[in-house]
Amino acid sequence: MKKNLLLAAALCAALVLPALPTAAQAQTSVKVVMHAPLRVLDPIFTNAYVTRNHGYLVFDTLFSLDNEGKPQPQMVDSYKLSADKLTYTFKLRNGLKFHDGSPVTSDDVIASITRWAARDGLGTRLLATTEKMSAVDASTFTLQLKKPYGLVLDSLAKPGSPVPFIMPKRLASTSPNEAITEMVGSGPYKFVQGDFQPGVKATYLKFADYVPRKEPAANFSGGKVVTIDRLEVVNIADGQTAVNALRNGEIDFIENVAPDLLEQLVGAKNVKAEPKSRETNMYTLRMNWLQPPFDNVKVRRAAMAALYQLDYLDASIGDPKRYRVCGAVLSCGSPYKTDDGAPQVHKPDLAKARQMLKDSGYKGEKVVVLHSTDVRSLVNIAPITAQALRSIGMNVDMQAMDFTTLLARRTKKDPVDKGGWSIFQSSLATVDLINPVANPNLDGRGEIGYAGWTKDDTMEALRDQFATETEPAKRADIAKAIQKRSYEEVMYVPLGEVIEYKAYTPKIGKLVDAQLPLFWSSK
């Protein structure tokens, strides 16, 4: 009852807000529930998926991946590469506008790429191989390389967090370590700044001046044809309440339906439930290499030896048709998939793991496991980790918190007795894992890299080789070496792949098929 009242209060709060002139003209208005509450708006500052999803509504990209995973021009109209393969020249599409009415220019693009690259591993590599970026005129710019680099377009089309979204220069000039709160993009939806209630509600209106590409929408690429005039994101933390709201017509879309609630939607009037996309998500576990005990590789190996994927998948999903055991660090959607070196896909030998821990020199240091309590897909993950590590004699302190707090907490590099942490778990889209250069869990840059701060020069050298190698067979060999190295050093632990389900009413229409909710179609 209390949860229903909270939902009612949230929806009533939306109703009593002053109506916007454009909203009054809306032809199609929908309410949607995402997998987590939206609190941070800057999609470059954080890699939270809910912020990335928000970013795709407000901002656009220079290139995007199609159904085959190939980069296709998006804001770019045309491009060419010089004969020496050192200079890309890009021409923007005519008529690109930001939501404040200003034109999108080369200066905006260069500032946006520069800020994004400062926070992204793929972007950092791109800029490291770039001699300079220059504006030729308002709609033409060049990217001059120091040496030929095979991932330029793949970098600009990177679909995962942080995405290289294009912003006005005045916003993109903000320090990459400072979150932008003003949302002005050139994407298919305008963000209603005054309507935003962090963690409660966010509203988007169709951008009337957005001109879709002529090609049909395909994955992240092609024409973004918007058929929804007003899109309102409301937060409903409880899965059952969300399902009830969908069945009652109070909302129109749920991004992630809890597995145990899916049957309630079978046969429901005006409701359709289906897999979110052709892709899957993977549960992942990341250790903190900066602090004891996981600064010791022998302790990391002992901990990994105690983990078992089926324990996680059964506890969180339950239905074997909706999960897949997978030990591939590049995901089982990768052409380089293999379980080689992955102990967690087999039932663990706990006696052996205990001996490994004893031999590691572990001194009983506290292991703080961060436990997300408000993202349904993650609530059963941390308890499995805690139980597994306790079973081999580790001193585990599982600390519960909401996901936004967890994201902030995992940036802390302090010891655990000063607010630090030892382990966090995530659910990452496999599209973020397939490319070893983009895969954040293979980041070997240490303290300037992804949370967990894995430092490994050998891994970085392998990723450099993969980025510059163009021969498929040699790339495959490098990918195998990357997997081997990842398990040797325990860069991260894949915990299995899951198929997530969305549910929606006919008001949503037929959305483009992509791994995350993109509220446009090719119609």
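A charge is said to sit over a ring if NZ of Lys or CZ of Arg is within 6 Å of the ring centre and within 35 degrees of the ring normal. The tour below applies this definition to a predicted model.

**First stop: charges over rings**

Select Arg300 together with Trp289. Arg300 is placed over the face of Trp289, 3.7 Å from the ring centre. Next, display Tyr49 and Arg52. Here the charged end of Arg52 sits over the Tyr49 ring, at 3.9 Å from its centre.

**Second stop: an edge-to-face pair**

Turn now to contacts between aromatic rings, of which the model has 15 pairs. Select Phe63 and Tyr79. The two ring centres are 5.4 Å apart and the planes meet at 75 degrees; since planes over 60 degrees apart count as edge-to-face, this pair is edge-to-face. Colouring by secondary structure shows Phe63 in strand E3 (residues 63–65) and Tyr79 in strand E5 (residues 76–81), so the pair ties together parts that are 16 residues apart in sequence. With a surface switched on, compare the two partners: Phe63 counts as buried at 1% relative accessibility, whereas Tyr79 is partly exposed, its relative accessible area being 37%.

Keep both residues selected and add Tyr88, Phe90 and Phe141. Ring pairs link these residues with Phe63 and Tyr79 into a cluster.

**Third stop: a tilted pair**

Move on to Trp421 and Trp453. Their aromatic pair is tilted, with 5.6 Å from centre to centre and 45 degrees between the planes. The pair links distant parts of the chain, 32 residues apart. Trp421 is in the loop between helix H13 (403–409) and strand E19 (423–429), and Trp453 is in the loop between E19 and helix H14 (457–468). Trp421 counts as buried at 0% relative accessibility, and Trp453 counts as buried at 4%.

**Fourth stop: two parallel strands**

Finally, select strand E17 (residues 366–372) and strand E18 (residues 395–401). They run parallel and are joined by 7 bridges. Zoom in on Val368, which stands opposite Asp397 in E18, and then on Val369, which stands opposite Met398 in E18. In a regular strand, side chains alternate between the two faces of the sheet.

To follow the connection, trace the chain from E17 through helix H12 (residues 381–390) to E18; this β-α-β crossover is right-handed. To end the tour, show the surroundings of E17: 6 of its 7 residues are buried, so the strand is largely enclosed by the rest of the structure.

Terms used:
Residues numbered from 1 in each chain as written. Predicted model: local features only at pLDDT ≥ 70, side-chain atom pairs only at ≥ 80, totals over all residues. Heavy atoms only, no water. Phe/Tyr/Trp six-rings, centres within 6.5 Å; stacked < 30°, edge-to-face > 60°. Helix = DSSP H or I, 4+ residues; strand = E, 2+ residues; numbered from the N terminus. Buried < 20%, exposed > 50% of the residue type's maximum accessible area, 1.4 Å probe, protein only. Pairing = 2+ DSSP bridges. Right-handed = clockwise from strand over helix to strand, strands pointing away.
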